[in-house]
Amino acid sequence: MRIYLAEHTIGSFAFDESGNLLDYVLNPKELGKVVDILINTEKGEPMPSTVELIQKLKPTEVVIESETESAKMQSLGIKVVSKPHHVGAKVLRSSLAEIAVKAKFAEDPKDIYSFLYQVTLEYTRRKLRKAAQKRDLLAIQAIRAIDDIDKTINLFSERLREWYSIHFPEADKLVEDHDQYAKIVSNIGYRDAVTVEALTEIGLNEQKAKKLADAAKKSIGADISDADINSIRDLANTILSLFRLRASLYDYLDSIMREVSPNVTELVGPTLGARLLSLAGSLEELSKMPASTIQVLGAEKALFRALKSGSRPPKHGIIFQYPAIHVSPRWQRGKIARALAAKLAIASRIDAYSGRFVGTQLVEQVNKRIEEIKTKYAQPPPKKQQPPREEGKKDRREHKKGKKGKRR
Amino acid sequence: MSESIETVKETGMENIYECIYVDGTVRLCTKNLAKGFTVYGERTVNYNGVEYREWNAFRSKLAGAILKGLKENPVKKGSKVLYLGAASGTTPSHISDIVEDEGKVYGVEFSPRVVRELILVAQHRHNLFPILADARFPQSYSSLVEDAEVLYVDIAQPDQTDIAIYNARYFLKEGGHLLLAIKARSIDVTKDPTEVFKTEAEKLKNEGFDVQQVINLNPYDKDHAMVLARFK
Ligand SMILES: C[S@@+](CC[C@H](N)C(=O)[O-])C[C@H]1O[C@@H](n2cnc3c(N)ncnc32)[C@H](O)[C@@H]1O
């Protein structure tokens, strides 16, 4: 029997010479695995699904498209002919979505295309990674720039609030979001123009808009001139453009991080991932760190203090920003941090040395471990007898707390 | 921006519009599929709650071809397009707007530097698939793409017509269309551009294409032509 064999992301498909589908073997529907398979076929390695299909059908002759693969396939002991765009390949590629659904690789066309989209992005990023030089350093600068922008936005927003409060003091308390506040000043300006319609157009909800419009009517603020409001507005516009800059930098960071460090990014997202790189100095440095160091990265001060005074070491550094850690009760945090740091150590090593994508599995494993921690340690541990503390240490703690109460 | 816009009108081509400004200027535009994001610094316009992106004919050869009299645009809502030479995504982004979510744009590009920008564009467009590969080796991306109604080729290579034909055999549907941008200088600097266009069109005819239009892109692109041809 002669078969026309066509390979695709979705699997391997055998057709007869009139283009009727004889049989097929699907590829695993897993991002990392499929991308590995695709990269290997370029090096002349037939897909595992192809090998399986051939063993299943035992054909006397196989027609394939790729010449590079024919050598390896010949070694399976069958006659192989390479013929680009043969009948089977044309059938597969002209009704791809339909075949994918029929073969139960995907639930519907939308499903297959969203998988294909992700595969394509990961495949292309993986190929880019080979040409990547010091791109982790670009990511580090990008996250530092984002952090600078955040600080600047806070600083300018505090100023804007004080300034605009001369005219409309009630707005400060009623609008907590800096972005929204700056929009009000920029788009509306004068207190008299603060109406429910104007506010909802900016994106405030009805209830909040009513409250604010009401406050505007009864405001005890001073009257100001066009020149006054224009200067205030200039500052508001600068803040808004900083917000836009931040959004586009975030976009850029996301892209770069998925390229240089896809597994770390999948685990903790581009921002926290880049902060880890930034604290370590580079991807290579991060990949050399033991999990216990990654766990407290960014808490060096507390760590040294602990070492010096013999008090308890910190349970987490920057990875405290990971949502599952900071939303969990205090006694679970250290355990979750340890589990996450262990996976981060694996992820950063793979990113630095092989670039394979195993992010999905790592995320699954971390989530499973977190579930375990949540059920096993649902109750707070019984209070231990605390050793008496020296005065000095306590003081330092109080001091730090006071500093943190600042508004963001 | 919206104050200076007078109206947005449909053109004879699906999902392609004209923005007419108060001062009388008219520009091609497409409905932005990635609301709030621009690609190459193009101007956006809000009209009746819809965001449009201006389509600059000096930056995009397809827009140039439309303004220079393309009779029928094969790129429609729902079209699958294989795009060779996607670069940083200028034209692909507008094609992505036109085909909308039902359509797909497979963008092949071999320069890593520009592919990074293409990825940034694709992050907000789930119908745009950025593929880092060499268009000379269709086999290297055949497992990622599917057959298309439109093959768009803009790779500025001396043998680009052959590359286009080769890819058409792989991926172009019967009756599908080829849009081939020809840069005369990259094929033969010594020959008169019109001569070059003729020879390339002749090649297509010999390979089973029905050449429907050869459009000179002057003044949008000097010494460039866009060829529209039907396969088989
Ligand atoms: C004139 S630019 C394309 C501009 C783009 N079509 C647009 O309008 O937005 C040509 C592109 O083709 C790419 N290119 C040239 N040869 C190629 C090949 N063999 N395979 C893939 N891309 C190629 C170049 O890297 C370059 O980015």
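Which residues of α2(B) are buried? In this predicted model, the answer takes in the whole helix, since 10 of its 10 residues are buried and α2(B) is described as mostly covered. The buried residues are Thr90(B), Thr91(B), Pro92(B), Ser93(B) and His94(B), followed by Ile95(B), Ser96(B), Asp97(B), Ile98(B) and Val99(B). Beyond the helix comes Glu100(B), which has a positive phi, near 60°.

A general point about helices helps in reading this list. An α-helix has 3.6 residues a turn, so residues three or four places apart point the same way. In α2(B), burial extends to 10 of 10 residues.

The helix also leads to the ligand. Helix α2, residues 90–99 of chain B, supplies three residues to the shell around the ligand, the largest share. In total, 17 residues surround the ligand. The closest of them are Tyr83(B), Thr91(B), Glu109(B), Asp134(B) and Gln157(B). Thr91(B) is also among the buried residues of α2(B). Sorted by class, the shell comprises seven nonpolar residues, five polar residues and five charged residues.

Several polar contacts can be located from the ligand's nitrogen atoms. Gln157(B) places a polar side-chain atom 2.7 Å from a nitrogen atom of the ligand. The backbone takes part as well: a polar backbone atom of Ala135(B) lies 2.9 Å from a ligand nitrogen atom, and a backbone N or O atom of Phe110(B) lies 3.4 Å from a nitrogen atom of the ligand. On its own the ligand has 610 Å² of accessible area, of which the protein covers 84%.

The description now turns to chain A and its strand β4, which spans residues 61–64. How is this strand covered on its two faces? Glu61(A) and Val63(A) lie on one side, Val62(A) and Ile64(A) lie on the other, and all of these are buried.

The neighbours of β4(A) in the chain can be traced through its bridges. Strand β1 of chain A, residues 2–8, pairs with β4(A) in the parallel sense over three bridges. Strand β5 of chain A, residues 79–82, also runs parallel to β4(A), and four bridges join the two. Val63(A) offers a convenient point of reference. Opposite Val63(A) of β4(A) stands Tyr4(A), while in β5(A) the bridge partner of Val63(A) is Val81(A).

A helix completes this part of the chain. Helix α3, residues 67–74 of chain A, joins with β4(A) and β5(A) in a β-α-β unit that is right-handed.

Methods: Residues numbered from 1 in each chain as written. Chains lettered and ligands numbered in written order. Predicted model: local features only at pLDDT ≥ 70, side-chain atom pairs only at ≥ 80, totals over all residues. Heavy atoms only, no water. Near = heavy atom within 4 Å. Polar contact = N/O pair within 3.5 Å; in protein donor to acceptor, adjacent residues only side chain to side chain. Areas by Shrake-Rupley, 256 points an atom, 1.4 Å probe, with all protein chains shown as cover. Nonpolar A, V, L, I, M, F, W, Y, C, P; charged D, E, K, R; others polar. Buried < 20%, exposed > 50% of the residue type's maximum accessible area, 1.4 Å probe, protein only. Pairing = 2+ DSSP bridges. Right-handed = clockwise from strand over helix to strand, strands pointing away.
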